[in-house]
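Trainee: Before we begin, could you show me the structure, so that I can put some questions about individual residues and helices to you?

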Amino acid sequence: MTRECSLLLPRVCAALADPRQPGSDDTCLEKLLDWFRKLAAFDPTMKLLQDNPCLTEFITSVLALPEPRPSTLSFTLRLAGILAASKIRFQHLLQEQLLVRLFGRDELLSSTVWEDASVRSGWVEGVRSMMHHQPALHFFCYGGDIDVIFTLQGDPSLFVASAASQLLVHMLTFSVEYEATARIIPNDCDLPVCAKMIINHVEDSLQSSSASHIEQSLKLLSNLFGSCRAMWTKVLWSGIAERIEYFLMEETVQAKHMLPNLVLNMARSPAFCSLKRRFWALVTSALEHLTPVQAGLLAVGILKLIKCPRHVRIQALTVLLQPMDCILRAASQPLEYTGLLDKSVSDPTTVESLLSSKSSCASLLCQTLAHLEDLMSLISLPVHLPYPSLVRSLITILQFCNGSLSPASPLGSTISQILINSFRVQRSALGVLAALPEQRVCDTLIGSLLDVLLAYLESPNTNSTVLKKTFQATSKCLVHLQELSDSNNQWQQTQKVLEDVFLVLQKRLCSPCWEVRDSSLEFLTVLILYLRDHSEFRQSLLSSEVPRLTENLLEDPEGYVRASAVTAVGHLAFITYFASESPVIGNQYNKENTVAKLQQILSTDPEGFPRRAVISIFNKWLKECCTGQPEETEQFVSRVIQTVEHDLDWEVRLGGLELVENFCIHTMCRIGHPEYLYAPVSSAVTSSVHHDESLQIFCRTKLFSFLFRSLCDCDKPVGQKACEVLLVLRSHFNAIDALENSQGIEDSPAGPGILWLQRTLRQGSLAQNFPTDGGSEVDFQDPETVILALSVIDLKELYDELNKTSDHVEKSPQSLLQDILATVGTIEENEVDCY
């Protein structure tokens, strides 16, 4: 601890303990506790207390207050816990009677201040902090204070109740790990006393008739099995297994909703997997006896497990697919289709009753569909999904929702009436379709699926968020359809579908709802991204009104739409005039006109999103070498960076720096340096700066002026990126340590300017007077001056400064203590302590 901090700390403690002063800011107190936590962990000896006796004096003075502020008392409890995390400091605080007075049940718990949740939270956190050694464990177990923790499990504050449950889990595991031998414990006789107390409490609570007590113990067990995978947990399980099995079988148990998470955490633990038959029998029993909603949660977790018996995995999949199976059966004509499953795990009538109820139908389907979408996101699924049947059931659900299916069965009619225009179910079903692996979309069903999706795209009743999901699913289907047509030469069918899609898209681009226009543009961009190399796609697109409407939306009144239009137009360019064999005839599409429009948006659009989209598209064009001949590219980059450097949006300026970086790479590769920008070239290549072609290009483009000015940007990411690019260029041009110091620079014609640049860059973002447009004292277009600047300016030091966190000063202990003094407002002389 610095001398300044040692001098300030007594004043801070006195200010916090003074009841006449208002409480300090909670954020300051949290930072101070974090600082103490680091100090205490770094040195577990008595030195912290010996060097700062004001700490124990502070605790004593707070305890002496008749009615301390809840925030101050909570802070004191947590501070005492941090200090007592060391065994030697714990013994000292115990001898001083401070721990007994703070954490003893007789004094604090009987006070009115205990009614404040922040005090109870501070008490629990203080206990948790000191629970790192055996004396602390015994202090709470044998002193009776563990009963307080048991009580706090049911605290009205959910935060306190959760913290108390986690504390008991920590005490239980710490007790066993600290006091028990390393061998596997054969029975509960070998468990430590503290562990037995907690386990007995859990067992008694599970036998209780109180639903809240049962829930508390089930939550504790779930936390324990989720965090501790040690083999000794089987000892605890042996005493409660029968009770848990009873809960599964008994329908009236109110805490049943907590069992899926408990069983799932056990299934993830190797301790219980070793029980083999008995444990997996419990899992299958849970899948059978839990409600469909509860069983679905357990089933999807089981399906993600790598080590799981095959019959259990099949049962879990059956449970998950049962609602989808019921949908198919309800919708199908007699003898047409029987469903997904040959048999059910539980009684099918349970699922049927839930689907035929208006209050539960949508919820059950949405949960099931969410689980299926979750499974689709896995890289490797350890079970085979019946994709054709699954797609058929998704089509059926979507048809139920838009009223296009008239089922013959009474159950189907009921479900159809419930689901009509259900946006929640529509979004969920479309989400699964969008998540389906493309190769899993059954070829024979692709036509039926696209028919349903087109119906949603055409319907004026389709909700805007549902429409967005429909676009996502449709793009995936179109990509798959294109692949099929490439393999079987059925281009006519694909072209007909594309024409229908673009007809719908034309209408949607003219929608009065900006969200619809925005989603339509995003959909178009995705299609171009994946299908631009296919001639039938290009032909269908360019023969429609979509490109013209898209360009019109560059002037849309909504900024988000303009940004999406910029992106779509940028991707359209790869078809309209960047393609090697462009199908465009006449002057329908004009490259210069499009570029001019985008540059105008970059320089004049009042919102940041469109300008960010423009610079992003320009970067994409440059990366794919689509900006024209070298001279055109040079002029293009120069115009863009001169516009971007004055932009008020830091992300646009950052995009400009990325454009500079891409331009440097593009130029180096073009003029014959295949070793790439990030590999330094030999000194022979750069022996004469006047004849270095790439350096002259960069100077002409006014690239270095932009880079050095960006070093002083008020937004740190911009300065960091500029410094990174300059460091790479310095390395490339071998301008490292050309001059070891600034002596003799004055003799150079550019010397005064370089010294001015050094002084300006030291000011960083405070250098608001950095000259622009030729007003600089450095000629950044002169290659020799640039090399001199790259050689002299300490870019590595600048980079280190830029990488320091912005609050590295404000978070210092001294500044923190000054903050607290300022916020409590002790006396006028302390006002200057606030930075």
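Mentor: Let us start from Leu529, bearing in mind that this is a predicted model; at 43% relative accessibility, Leu529 counts as partly exposed.

Trainee: Where is Leu529 placed, and with which residues does Leu529 form a nonpolar patch on the surface?

Mentor: Leu529 has its place in helix H28, which covers residues 514–531. A nonpolar patch on the surface, with about 280 Å² of accessible area together, is formed by Leu529 and its two partners, Val526 and Tyr530.

Trainee: Does Thr233 count as buried or exposed?

Mentor: Thr233 lies in helix H14, made up of residues 233–249. Leaving aside neighbours within four places in sequence, Thr233 is in contact with Phe225, Cys228, Ala271 and Phe272. The cut-off for burial is under 20% relative accessible area, and because the relative accessibility of Thr233 is 0%, this residue counts as buried.

Trainee: Why are Leu795, Leu798 and Leu802 on the same side of H41?

Mentor: In helix H41, residues 795–803, Leu795, Leu798 and Leu802 are buried. They are placed on the same side of H41 because the arc they cover around the axis is only 60°.

Trainee: Which residues are exposed on the other side of H41, and which helices do the buried residues of H41 pack against?

Mentor: On that other side of H41, the exposed residues are Lys796 and Asp800. The buried residues of H41, for their part, pack against three helices, namely H38 (716–732), H39 (751–763) and H40 (783–792).

Conventions:
Residues numbered from 1 in each chain as written. Predicted model: local features only at pLDDT ≥ 70, side-chain atom pairs only at ≥ 80, totals over all residues. Heavy atoms only, no water. Patch = residues over 30% accessible without salt bridge, like charges linked within 9 Å, V, L, I, M, F, W, Y side chains within 5 Å. Areas by Shrake-Rupley, 256 points an atom, 1.4 Å probe, with all protein chains shown as cover. Salt bridge = Lys/Arg side-chain N within 4 Å of Asp/Glu carboxyl O. Helix = DSSP H or I, 4+ residues; strand = E, 2+ residues; numbered from the N terminus. Buried < 20%, exposed > 50% of the residue type's maximum accessible area, 1.4 Å probe, protein only. Contact = heavy atoms within 4.5 Å. Arc of directions from axis to C-beta.
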